[in-house]
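Subject: Structure handover and notes

Dear colleague,

I am passing on the structure below, together with my notes on what was found in it. Please read the notes with the structure open beside them.

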Amino acid sequence: MSGYRAWQRGGQRQGLSDAQLTLLLQAIHAESGGAYGSPRMVRALRARGLSASKARVERL
């Protein structure tokens with residue numbers, strides 16, 4: 001479902017703040033032994049049921 005359609009229906013997107021996402025990315029980075037780059041980090045986030053763009057992961 002697109003964000004626009006969810007907004008029309010009154011739903012809200014549950015997004016993480018930059019600070020929350022940074023902590024999660026640090027945990028994933030530590031679990032991987034520092035071997036994961038941004039594409040694998042994005043896949044790890046999606047496996048946990050969260051989403052963030054590759055650009056956002058790279059920025060953080």
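For what follows, contact means heavy atoms within 4.5 Å. The model is a predicted one, and the values quoted here should be read with that in mind.

With that cut-off, what covers the buried residues of H3 includes H2 and H4. The residues of H3 concerned are Ser38, Met41, Val42, Ala44 and Leu45, which are buried, and they lie on the same side of H3 because they cover an arc of only 160° around the axis. On the other side of H3, Arg43, Arg46 and Ala47 are exposed. Just after H3 comes Gly49, which takes a positive phi of about 85°.

The second helix can be described in a similar order. H2 has 14 residues and reaches 20 Å from its first C-alpha to its last, which is close to the 20 Å expected at 1.5 Å a residue. Its buried residues include Leu21, Leu24, Leu25 and Ile28, and these cover an arc of only 100° around the axis, which puts them on the same side of H2. Ala19, Leu23 and Ala30, on the other side of H2, are exposed. The buried residues of H2 pack against H3 and against helix H4, which runs over residues 54–59. After H2 comes Gly33, whose phi is positive, near 70°.

These helices also appear in the nonpolar core. The largest nonpolar core has 10 residues in all, namely Leu21, Leu24, Leu25, Ile28, Met41, Val42, Ala44, Leu45, Ala52 and Val57. The elements that give two or more residues to this core are helix H2 (18–31) and helix H3 (38–47). If you would like one residue from which to inspect the core, Ile28 may serve: leaving aside its neighbours within four places in sequence, Ile28 is in contact with Tyr36, Met41, Ala44, Leu45 and Arg48.

Ser38 may be worth a separate look. Ser38 has its place in helix H3 and is buried, with a relative accessible area of 15%, which falls within the range that counts as buried because the limit is under 20%. Once its neighbours within four places in sequence are left aside, Ser38 is in contact with Lys54, Val57 and Glu58.

Turning to charged pairs, the count comes to four salt bridges, of which I describe some here. In one of them the side chains of Asp18 and Arg56 meet at 2.9 Å, N to O. Asp18 lies in helix H2 and Arg56 in helix H4, so the pair ties together parts that are 38 residues apart in sequence. In another, the side chains of Asp18 and Arg59 meet at 3.2 Å, N to O, and this pair also links distant parts of the chain, with Asp18 in helix H2 and Arg59 in helix H4, 41 residues apart. Asp18, Arg56 and Arg59 are thus linked in a network of salt bridges. Within that network, Asp18 is partly exposed, with a relative accessible area of 32%, whereas Arg59 is exposed, with a relative accessible area of 53%.

A further salt bridge joins the side chains of Glu58 and Lys54, at 2.8 Å, N to O. Glu58 and Lys54 both lie in helix H4, four residues apart, which is about one turn of the helix. Glu58 counts as partly exposed at 47% relative accessibility, and Lys54 likewise counts as partly exposed, at 41%.

Towards the start of the chain, Ser2 is found in the segment before helix H1, which covers residues 3–8. Ser2 counts as partly exposed at 38% relative accessibility, and Ser2 and Leu16, which are 14 residues apart in sequence, are 18 Å apart in space, C-alpha to C-alpha.

Finally, there is a record to set beside the model. UniProt places the feature "domain: HTH-like" at residues 20–60, in an unreviewed entry. In the model, the end C-alpha atoms of residues 20–60 lie 11 Å apart, and the span is 68% helix and 0% strand.

With best regards

Key. Residues are numbered from 1 along each chain as its sequence is written. This is a predicted model: local features need pLDDT of at least 70, side-chain atom pairs count only at pLDDT 80 or more; totals for chains, interfaces and linings use all residues. Side-chain values use heavy atoms; hydrogens and water are left out. A nonpolar core is a set of buried Ala, Val, Leu, Ile, Met, Phe, Trp, Tyr and Cys residues joined through side-chain atoms within 4.5 Å. Buried means under 20% relative accessible area, exposed over 50%, partly exposed in between (1.4 Å probe, protein chains only). The expected span of a helix is 1.5 Å times one less than its number of residues. The arc is that of the directions from the helix axis to the C-beta atoms. UniProt positions are given in the numbering used here, feature names are shortened, and annotations may be inferred rather than shown by experiment.
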